[in-house]
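Please read the following report alongside the sequence and the three-dimensional structure, which are shown just below.

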Amino acid sequence: MANDNNKFQAIISHCKEYGFIFPSSEIYDGLSAVYDYGQYGSELKKNIRDYWWKWMTQLHENIVGIDAAIFMHPTTWKASGHVDNFSDPMIDNKDSKKRYRVDHLIEAHADALPKEQGEALLAEMDQLLAKEDFAGLKTLIENNKIKCSVSGTCNWTDVRQFNLMFATEFGAVSGEGDDNMVYLRPETAQGIFVNFLNVQKTGRMKIPFGIAQVGKAFRNEIVARQFIFRMREFEQMEMQFFIRPGTQKEWYEYWKEERMKWHLSLGIPADRYRFHDHVKLAHYADAACDIEYDFPIGFKEVEGIHSRTDFDLRNHQEYSKKKMQYFDNDPGPDGKPYGNYIPYVIETSIGLDRTVMMVLSEAYEEQDLSTAEKADSRVVLKFPPKLSPVKLAILPLMKKDGLPEIARDLMNECKASFRCFYEEKDTIGKRYRRQDAIGTPFCVTIDHQTKEDGTVTIRHRDSMVQQRILLKDVKEMVEKAIQE
Ligand code: ATP
């Protein structure tokens, strides 16, 4: 079995070999931190997206979804604070010219130290970051003799802020200064905030209610070497939950618990997750935590839960001069309606690509199946059936004797309901292994006995157990499994 770092590399190779994820524009040597999803990766990603969407919108009656544009009016990003604040402290090594995010540089150093020493260093870093004490951070790096991994030297510039938004020009005219500049959105949340009243009024939504969205976001990440964990173009699944001011603590706790339930419903055990409370709060938050998953590269954030106060709506009201208020007719403690207010917001924000990475990491297994007679092994992706790219492989044992016809009939019966894969080539063993490698939970083999008694062999991916069942029961069995 591979060790963890090897496992990470093995997953990357596997993703490429089996059509899950390719480097973007690979024929031109790729584009750093940009990836394309192949035939199975896009199915997996879609299944995760659909599952999130269904869980958040269909199963929560007071949450509706929208699909806002990637381009937004440039003032949006002034109001949201991104123009001024969406930056990370960076430091450059003068010899190698390599740029690092300060927190990543220190974290990598801390990881290599004995546990207590590493924790003390991180605590000191957190305090300096919270105070935005950039001179202090530089001193911390120098005092700890943290070196550049390329040049091996300690020759650092000052710590500076670097904005992570991508800007581009809008319309046909170029070179007319800032007026034509638009940003590629760095988060989907602002599309929700600017549509708050549109949705509230047209949907006659009553507080508390939520608006959910899935879509692309873009960040000019500096350290971007971690496969789909940190990309420059990625997808977010976000939900803004609008609440009465003063109720944010209870809703924050509610959403922490609720989101953890979703994670556990992926079949991932609780001990693979942990909460991490933020010490340094973002400019908009009064409380924030991450749900971290134990990736092969260690515990890392997969989702953020933020209590955003009324920061965004209040600022949009100020910048747009449009009222962002809600009239709450419910009686308050004094019996009178709560009246007009700007709602507070709890946000749940999860990266779709990071979730793909999490699901892949959890599912990936290298198994040694050697017996006394022969060496053997397999790679299997143990996805929950509801997330598997292909649900059922339909495999006639031979290309003759009417077996393909029976198999085709089954394919036609099932393919409108779930994704099937039909294959006649190669030995059945090889065909099973290929399905294991893409995480297909069931293979059905049609053989001569099928013609006699209407039964087929169902082979289960995880246990490799083979079972005889009636051909007419196959569809229902798969449908039941993918609903769990
Ligand atoms: P990080 O600290 O890892 O940069 P963040 O705290 O900036 O993440 P948020 O702004 O809270 O992230 O975004 C919400 C979610 O979006 C994250 O939990 C993560 O899953 C995802 N995400 C953020 N940046 C990226 C990225 N560059 N590539 C892939 N997913 C990302």
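## Thr 57 and its surroundings

Leaving aside neighbours within four places in sequence, Thr 57 is in contact with Ile 63, Val 64, Gly 65 and Ala 212, where contact means heavy atoms within 4.5 Å. The model is a predicted one, in which local features need pLDDT of at least 70 and side-chain atom pairs count only at pLDDT 80 or more, while totals for chains, interfaces and linings use all residues. Residues are numbered from 1 along each chain as its sequence is written, and side-chain values use heavy atoms, with hydrogens and water left out.

Thr 57 belongs to helix H2, which covers residues 39-58; helices (H or I, at least four residues) and strands (E, at least two) are DSSP runs, numbered from the N terminus. With a relative accessible area of 13%, Thr 57 is buried, a term that means under 20% relative accessible area, whereas exposed means over 50% and partly exposed in between (1.4 Å probe, protein chains only). Gly 210 is 153 residues away from Thr 57 along the chain, yet their C-alpha atoms are separated by 8.6 Å.

## The protein as a whole

The protein has 16 helices and 23 strands, and its C-alpha trace spans about 75 × 65 × 50 Å along the principal axes. Of its 484 residues, 50% count as buried. Among contacts between residues at least 6 apart in sequence, 65% join residues at least 24 apart. The accessible surface comes to about 23,500 Å², and 49% of that surface belongs to carbon and sulfur atoms; the areas come from the Shrake-Rupley method with a 1.4 Å probe, and for residues only the protein chains shown count as cover.

## Nonpolar cores

In soluble globular proteins, nonpolar side chains tend to be buried together. A nonpolar core is here a set of buried Ala, Val, Leu, Ile, Met, Phe, Trp, Tyr and Cys residues joined through side-chain atoms within 4.5 Å. The largest such core has 56 residues, and those with the most contacts inside it are Phe 20, Ile 21, Leu 44, Ile 48, Trp 52, Leu 266 and Leu 360. Not counting residues up to four places away in sequence, the residues that Ile 21 touches include Tyr 35, Tyr 37, Phe 227, Ile 228, Val 356 and Leu 360. A second, separate core has 21 residues, among them Ile 394, Ile 446, Val 456 and Val 478.

## Two further buried positions

Ala 288 lies in strand E12 (residues 287-295) and is buried, with a relative accessible area of 6%. Its contacts, not counting residues up to four places away in sequence, are with Tyr 252, His 276, Asp 277, His 278, Leu 281, Ile 305 and His 306. By contrast with these contacts, the C-alpha atoms of Ala 288 and Ile 268, 20 residues apart along the chain, are separated by 23 Å.

Arg 101 lies in strand E5 (residues 99-101) and counts as buried at 13% relative accessibility. The unreviewed UniProt entry lists Arg 101 under "binding site", together with residues that include Glu 187, Phe 234, Glu 347 and Gly 351; UniProt positions are given in the numbering used here, feature names are shortened, and annotations may be inferred rather than shown by experiment.

## Helix H11 and backbone exceptions

In H11, the buried residues are Phe 311, Asp 312, Leu 313, Asn 315, His 316 and Gln 317, and they pack against helix H3 (75-79), helix H8 (189-194), H9, strand E10 (233-243) and strand E13 (298-309). Lys 321 follows H11 and has a positive phi.

Most residues other than glycine have a negative phi, and most peptide bonds are trans. The table gives two residues with a positive phi.

| Residue | Phi | Loop | Relative accessibility |
|---|---|---|---|
| Lys 321 | near 60 degrees | between helix H11 (311-320) and strand E14 (326-331) | 70%, exposed |
| Met 464 | near 65 degrees | between strand E22 (455-460) and strand E23 (466-470) | 27%, partly exposed |

A cis peptide bond, with omega about 5 degrees, joins Ile 207 and Pro 208, and Pro 208 is placed in the loop between helix H9 (196-202) and strand E9 (209-218).
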